[in-house]
Amino acid sequence: MKRMFNFAAGPAMLPEVVLKTAAAEMLDWHGSGMSVMEVSHRSPAFIELIEQTQCLLRELMQIPSNYQILFLSGGARSQFAMVPMNLLAENNKADYLITGSWSKLACEEAKKYGEIAISASVEHENFTTVPSQTTWKTTKQARYFYYTPNETIHGVEMSLVPEVGVPVVADMTSCILSREFSVEKFGIIFAAAQKNLGQAGVTLVIIRDDLISKPLPFTPSMFDYRCHRDSHSLYNTAPTYAIYMMNLVLQNLKNTGGIAAVSDANREKATLLYHFIDQSDFYHNKVDPQYRSMMNVTFRLPTVALEKKFIAEAATYDLLNLKGHSSVGGLRASLYNAMPIAGVKALLHFMKIFQEQYGNKQ
Ligand SMILES: *Cc1c(COP(=O)(O)O)cnc(C)c1O
């Protein structure tokens with residue numbers, strides 16, 4: 001059996017020890033004589049698992065007690081609708097900062113439910129930077145300010161948390177647990193699990209108590225945060241296996257030094273790759289250096305034909321899924337928490353060989 005280095009943007013690699021534990025517990029979870037998949041979501045054992053998962057999150061991310069931790073289904077994209085449906089009830093205005101494809105999609109979705117203003121956008125610069133805060137416009141009486149700290153497709157990340165006087169909503173799908181965030185600076189943090197939290201199927205929502213109130217009148221119960229809060233994330237059958245996997249990922253993170261340790265490792269991995277790209281005249285990264293993503297490193301080669309060749313030859317070195325998103329082309333190496341530094345070193349080794357073979361030898 002061999003394990004590949006999977007550079008996909010999501011679903012992404014999982015820590016090997018997590019997969020081994022899941023395999024070992026597959027037929028008999030904690031003496032139940034059943035897989036965790038077969039256990040009732042309302043059984044005491046599963047409720048304990050949910051509570052333990054919330055405790056781990058609270059501890060690792062230092063989530064204050066006035067925030068609810070919800071496990072929902074429907075992916076991050078359901079939150080694109082759920083956020084405006086729940087927050088725009090009393091006042092129909094919100095501001096969106098557009099720094100890439102994901103914030104743009106969230107903004108388009110929100111427009112169905114209220115008066116949405118674009119605070120600033122860098123689409124005219126092909127999303128290679130973040131608009132300077134001095135250019136941001138804010139709407140009077142906006143109910144919230146929405147942004148995407150890490151734009152997965154363009155490889156653009158901003159570390160500054162907006163301070164705009166209204167609750168900040170952040171789509172952290174591709175950066176949660178990758179570095180430290182002060183949760184108290186946010187109104188809502190949400191993240192689908194398939195990048196840094198586990199597997200596809202569950203979406204984590206961390207929401208300040210006072211932001212949970214009556215949604216717009218037509219909101220389906222499944223999209224009403226109150227239903228999920230009141231039923232402790234068991235309003236409908238919860239995505240049980242995905243929650244179990246998240247629990248294993250969080251336990252592993254805790255055992256390996258928590259967010260501080262993984263954030264150092266992430267910085268080291270990304271720095272190695274950016275440094276190599278910068279000293280090369282063959283590989284290029286166009287993102288403003290102060291906003292380069294630690295999680296998704298995008299880069300280009302001199303021609304599209306070479307990029308195709310790169311992807312095909314990388315696979316022969318067990319380096320998979322380096323193709324950039326189809327909307328932007330190019331290449332992308334996603335370096336989430338579970339990507340070992342050995343994966344980055346193997347990629348650099350291959351990149352050197354590829355450059356020697358196809359680069360201009362000046
Ligand atoms: C991957 C991703 C999404 C989409 O997540 P789904 O679970 O497929 O809806 C949304 N936002 C960001 C920032 C992402 O990286």
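A disulfide is a pair of cysteine sulfur atoms within 2.5 Å. The model used in these exercises is predicted.

**Exercise 1. Cysteines**

Task: Find how many disulfides the whole structure has, and state where Cys175 stands.

Solution.
- Step 1. Search the whole structure with the 2.5 Å cut-off. The search finds zero disulfides.
- Step 2. Check Cys175. Its nearest cysteine sulfur belongs to Cys107 and is 19 Å away. Cys175 is in no disulfide.
- Step 3. Look at burial. Buried means under 20% relative accessible area. Cys175 has 0% relative accessibility, so Cys175 counts as buried. Cys227 has 17%, so Cys227 counts as buried.

**Exercise 2. Two packed helices**

Task: Describe how helix α7 and helix α9 are placed, and which residues meet.

Solution.
- Step 1. Two packed helices are described by the angle between their axes and the distance between the axes.
- Step 2. Locate the pair. Helix α7 covers residues 258-279, and helix α9 covers residues 341-358. Their axes come within 9 Å and cross at roughly 10°.
- Step 3. Classify the angle. Angles under 35 degrees count as roughly parallel. Therefore α7 is roughly parallel to α9.
- Step 4. List the contact. From α7 come Glu268, Lys269, Leu272, Leu273, Phe276 and Ile277. From α9 come Ile341, Val344, Lys345, Leu347, Leu348, Met351, Lys352 and Gln355.
- Step 5. Sort by class. The contact of α7 with α9 has nine nonpolar, one polar and four charged residues.

**Exercise 3. Length and cover of α9**

Task: Compare the span of α9 with the expected value, then say which of its residues are buried and what covers them.

Solution.
- Step 1. Take the span. α9 has 18 residues and reaches 26 Å from first C-alpha to last. That is close to the 26 Å expected at 1.5 Å a residue.
- Step 2. Name the buried residues. In α9 they are Gly343, Val344, Leu347, Leu348, Phe350, Met351 and Phe354.
- Step 3. Name the cover. It includes the helices α7 and α8 (304-316). Strands are also included: β1 (5-6), β11 (296-299), β12 (319-320) and β13 (331-334).

**Exercise 4. Inside α4**

Task: Work out how well helix α4 is covered, and place Leu105 in the picture.

Solution.
- Step 1. Use the count. Helix α4 runs over residues 101-110, and seven of its 10 residues are buried. The helix is mostly covered.
- Step 2. Name them. They are Ser101, Trp102, Ser103, Ala106, Cys107, Glu109 and Ala110.
- Step 3. Find the cover. It includes α3 (75-87), β3 (93-98) and β4 (115-121), and also β5 (145-147), β6 (150-151) and β8 (168-171).
- Step 4. Turn to Leu105, which is in α4. Its relative accessibility is 33%, so Leu105 counts as partly exposed.
- Step 5. Look for contacts beyond four places in sequence. Leu105 touches Arg77 and Phe80. Leu105 and Phe80 are 25 residues apart along the chain, yet their C-alpha atoms are separated by 7.9 Å.

**Exercise 5. Two buried helix residues**

Task: For Ser263 and His228, give the helix, the burial and the contacts.

Solution.
- Step 1. Ser263 is in helix α7. Its relative accessible area is 6%, so Ser263 is buried.
- Step 2. Leave aside neighbours within four places in sequence. Ser263 is then in contact with Ser178, Arg179 and Met294.
- Step 3. His228 is in helix α5, residues 225-230. Its relative accessible area is 4%, so His228 is buried.
- Step 4. Again skip residues up to four places away. His228 touches Leu70, Leu72, Met82, Ser221, Met222, Ser233 and Tyr235.
- Step 5. Add a distance. His228 and Phe5 are 223 residues apart in sequence and 37 Å apart from C-alpha to C-alpha.

**Exercise 6. Unusual backbone angles**

Task: Locate the cis peptide bond at Pro11, and the positive phi values of Gln62 and Asp318.

Solution.
- Step 1. Recall the background. Most residues other than glycine have a negative phi, and most peptide bonds are trans.
- Step 2. Find the cis bond. It joins Gly10 and Pro11, with omega about -5°. Pro11 is in the loop between β1 and α1 (16-24).
- Step 3. Take Gln62. Its phi is positive, about 50°, although Gln62 is not a glycine. Gln62 is in the loop between α2 (44-61) and β2 (67-72). At 61% relative accessibility, Gln62 counts as exposed.
- Step 4. Take Asp318. Its phi is about 65°, and Asp318 is not a glycine either. Asp318 is in the loop between α8 and β12. At 22% relative accessibility, Asp318 counts as partly exposed.

Technical notes: Residues numbered from 1 in each chain as written. Predicted model: local features only at pLDDT ≥ 70, side-chain atom pairs only at ≥ 80, totals over all residues. Heavy atoms only, no water. Axes fitted to C-alpha atoms, helices over the stretch in contact; angles between N-to-C directions. Helix = DSSP H or I, 4+ residues; strand = E, 2+ residues; numbered from the N terminus. Parallel < 35°, antiparallel > 145°, perpendicular 65-115°, else oblique. Contact = heavy atoms within 4.5 Å. Nonpolar A, V, L, I, M, F, W, Y, C, P; charged D, E, K, R; others polar. Expected span 1.5 Å × (residues − 1). Buried < 20%, exposed > 50% of the residue type's maximum accessible area, 1.4 Å probe, protein only.
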